[in-house]
Amino acid sequence: MSPFFKKAIGANNISAEKATEAVRTLLLYIGENPNREGLVDTPDRFCRALLEMTEGYSTNPEEILSTTFESESDEMVLVKNIEFNSLCEHHLLSFAGKAHIAYIPTDGKIVGLSKLARIVDVFSQRLQVQERLTQQVANAINKYLRPQGVAVVFEGVHSCMCVRGVRKQNSTMITSAMHGQFRDSLASRNEFMSLISK
Ligand SMILES: Nc1nc2c(ncn2[C@@H]2O[C@H](COP(=O)(O)OP(=O)(O)OP(=O)(O)O)[C@@H](O)[C@H]2O)c(=O)[nH]1
Ligand SMILES: [Zn+2]
């Protein structure tokens, strides 16, 4: 019995047995034989992978952003090219790319660099649309860090656009969310945009 099966009950009181049975049904639905050697453990693996890819539901963003430090500076802090992997809520297919986050501290209140990447993970590891993912990251930083401004840009390539449907391989979706000084000041916004485009 695999580790997933030992965790007998998941969210909404759904048993692991029922979840794996649903995947077996999907395999039958496409004309496959779920009992053949290569597929016999696939329902279990799929359920474990899905749980892993959506583990952001069980992480509280407030906890991540609660460890802060003091700094002398109230200048912009920017972390760019933070990799993310998410699942589109329409097709349950991956969309992935990079996120760029900047904030302007209030009273020198700063946060560890890794925490910005962790915030990206918390909201990426859920079923998402990129617009909401971008907003949620910006809103969480705005709410828990209370900076003078926060700017977030996501650049994502959506598998559901590449491997099926319109099959466009080279399109990238760019979404942004701005609060405070980045929304109010064109100069701050331009500085952010020029730094991330370098
Ligand atoms: N705005 C937005 N759209 C997304 C995102 N991820 C996937 N989509 C789109 O969601 C839409 C779902 O459209 P539907 O018409 O309901 O589904 P569909 O028939 O599979 O659509 P096609 O992909 O056009 O074949 C598609 O246009 C996808 O490209 C996202 O993060 N943001
Ligand atoms: Zn999709």
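**Exercise 1.** In this predicted model, find which residues C88 touches, leaving out those up to four places away in sequence, and decide whether C88 is buried, exposed or partly exposed.

*Solution.* Start with the contacts: C88 touches L93, F95, Q128, V129, H158 and C160. Next, place the residue: C88 sits in strand 2, which runs over residues 77-88. Now count: C88 has 18 C-beta neighbours inside 10 Å. Being buried takes 20 or more and being exposed takes 12 or fewer, so C88 comes out as partly exposed.

**Exercise 2.** Do the same for C160: which element holds it, and what does it touch?

*Solution.* C160 belongs to helix 7. Skipping residues up to four places away in sequence, its contacts are C88, H90, H91, L93 and G165. With 16 C-beta neighbours inside 10 Å, C160 is also partly exposed.

**Exercise 3.** Work out which residues the UniProt "binding site" annotation covers, and why they gather at one spot.

*Solution.* The unreviewed UniProt entry puts that label on C88, H91 and C160. Along the sequence they span 73 residues. In space, though, no two of their C-alpha atoms are more than 8.0 Å apart, so they gather at one spot.

**Exercise 4.** List the residues around ligand 1 and sort them by class.

*Solution.* First, the list: C88, H90, V129, Q130, E131, H158, C160, M161, G165 and V166. Helix 6 (130-145) and helix 7 (159-162) are the elements giving two or more residues to this shell. Then the classes: five nonpolar, four polar and one charged.

Conventions
Residues numbered from 1 in each chain as written. Chains lettered and ligands numbered in written order. Predicted model: local features only at pLDDT ≥ 70, side-chain atom pairs only at ≥ 80, totals over all residues. Near = placed C-beta within 6 Å. Helix = DSSP H or I, 4+ residues; strand = E, 2+ residues; numbered from the N terminus. Nonpolar A, V, L, I, M, F, W, Y, C, P; charged D, E, K, R; others polar. UniProt positions renumbered as here; feature names shortened; annotations may be inferred. Contact = placed C-beta atoms within 7 Å.
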